[in-house]
Amino acid sequence: MLSDTPKMTEHSLREYVGRSDTDLNGELKSKLSDRQKKFKYSYATSPKVAFEKECRNYHDFGESAKLDNKYHPAYPHGTNWKCPACNIFDNSASYCIV
Ligand SMILES: [Zn+2]
């Protein structure tokens, strides 16, 4: 036996949950880092469905603790859509993307 030191384990890949209502390619390029070579995507029938899916994914995949997302997904400017999985927007009415 040459060595009994434990093998270095590769850092696990962090995932990022996101959506794009207009430009998925641009969104991916702006959000994905070099470590994130793989991504999954799905199409939604409307921006609202996409938003709700993004929220559910964010919660299902471990929120900011496990994801590269620093914050809860924001609802699109000009809407008052609510997260289907939590009540974060009830506590911060001004939380939205501009
Ligand atoms: Zn939520």
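User: Before we get to C55, what counts as two residues being in contact here?
Analyst: Two residues are in contact if their C-beta atoms, placed from the backbone, lie within 7 Å. By that criterion, and not counting residues up to four places away in sequence, C55 touches P73, C83, P84 and A85.

User: What kind of model is this, and how are the residues numbered?
Analyst: It is a predicted model, in which local features need pLDDT of at least 70 and side-chain atom pairs count only at pLDDT 80 or more, whereas totals for chains, interfaces and linings use all residues. Residues are numbered from 1 along each chain as its sequence is written.

User: And what is the mean pLDDT?
Analyst: The mean pLDDT (the predictor's confidence in each residue, from 0 to 100) is 77 for the protein, and 67% of its residues reach 70 or more. Over residues 6-11 pLDDT stays under 50, and the model has zero contacts for them beyond four places in sequence.

User: OK, how many helices and strands are there?
Analyst: The protein has four helices and zero strands, where helices (H or I, at least four residues) and strands (E, at least two) are DSSP runs, numbered from the N terminus.

User: Back to the part with C55: which residues of α2 are buried?
Analyst: In α2, which covers residues 47-60, the buried ones are F51, E52, E54, C55, N57 and Y58. A residue is buried if 20 or more other C-beta atoms lie within 10 Å of its own, exposed if 12 or fewer, and partly exposed in between, with C-beta atoms placed from the backbone. What covers these buried residues includes α3 (63-66).

User: Which residues make up the largest nonpolar core?
Analyst: That core consists of six residues, namely V17, F51, C55, Y58, Y75 and C83. The term means a set of buried Ala, Val, Leu, Ile, Met, Phe, Trp, Tyr and Cys residues joined through C-beta atoms within 7 Å.

User: Switching to E15, where is it found, and why is it classed as partly exposed?
Analyst: E15 is found in the segment before α1 (24-31), and it is classed as partly exposed because 16 other C-beta atoms lie within 10 Å. Leaving aside neighbours within four places in sequence, E15 is in contact with F61, L67 and D68.

User: How far apart are E15 and Y58?
Analyst: E15 and Y58 are 43 residues apart in sequence, and their C-alpha to C-alpha distance is 9.9 Å.

Notes
Expected span 1.5 Å × (residues − 1).
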